[in-house]
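Work through the exercises below with the sequence and the 3D structure at hand, and try each task before reading its solution.

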Amino acid sequence: MSARRSLVWLGLTPEPEQELPTAVAALRAPAPGRPSSALVAAERHRVQRLVLRGTQRGWLSYLREVTDLVVEAAAESAAADPRPALVAGEVVLDHHRMLIGLPGPAYARTAAQRRDLEGALARLRARGGPGPDGRFEPGSTV
């Protein structure tokens, strides 16, 4: 194996970098509603640091944290807005499915996360989502 760091994982998809900071900040926020701009900026900085200076192991560790947040959100009260968890869960699940095309054991290592995300997303989708007018409607599909 080469002493050089493998960067192949960086070419999967830009969606995690673009969509996770706001969704994850909302999931980490101490109160429901829109997360503060400081929380979003901190999450964006963390993702940027992982992508620019991190390793695949560090990136997958971060996505494990996001998976845990999504699973936790799916277990919470049905009154909570499921949209941030749906966004985060779908982005991570798509990412983990694409790992099958990369060399190494990452796809196999994320099998439990994929299973957990699929279950959590099914529960979150059952709660509802935005209706045709963009407003939240319990029981509608996302």
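The exercises that follow concern a predicted model, and each task comes with a worked solution.

**Exercise 1.** Find which residues of the largest nonpolar core touch the most other members, and which helix gives the largest share of this core.

Solution. Begin with the core itself, which holds 28 residues, and look for the members with the most contacts to other members: these are Leu 20, Trp 59, Tyr 62, Leu 63, Val 66, Val 70 and Leu 124. Next, turn to the helices, where H1 (15-28), H2 (37-53), H3 (56-75), H4 (83-98) and H6 (111-127) each contribute at least two residues to this core. Finally, compare the shares, and the largest, with 9 residues, turns out to belong to H3.

**Exercise 2.** Decide whether Val 70 is buried or exposed, and state how far Val 70 lies from Val 24 in sequence and in space.

Solution. First locate Val 70, which is part of helix H3. Its relative accessible area is 0%, and since buried means under 20%, Val 70 is buried. Then take Val 24 as the partner: the two residues are 46 residues apart in sequence, while their C-alpha atoms are 8.9 Å apart in space.

**Exercise 3.** Describe how H1 and H2 pack, giving the angle, the distance between the axes and the handedness of the crossing.

Solution. Start from the axes, which are 8 Å apart and form an angle of about 135 degrees. Because this angle falls neither over 145 degrees nor in the range of 65 to 115, H1 is oblique to H2. As a last step, establish the handedness, and the crossing of H1 and H2 proves to be right-handed.

Key
Residues numbered from 1 in each chain as written. Predicted model: local features only at pLDDT ≥ 70, side-chain atom pairs only at ≥ 80, totals over all residues. Heavy atoms only, no water. Core = buried A, V, L, I, M, F, W, Y, C linked by side-chain atoms within 4.5 Å. Buried < 20%, exposed > 50% of the residue type's maximum accessible area, 1.4 Å probe, protein only. Helix = DSSP H or I, 4+ residues; strand = E, 2+ residues; numbered from the N terminus. Axes fitted to C-alpha atoms, helices over the stretch in contact; angles between N-to-C directions. Parallel < 35°, antiparallel > 145°, perpendicular 65-115°, else oblique. Left-handed = near helix turned anticlockwise from the far one by under 90°.
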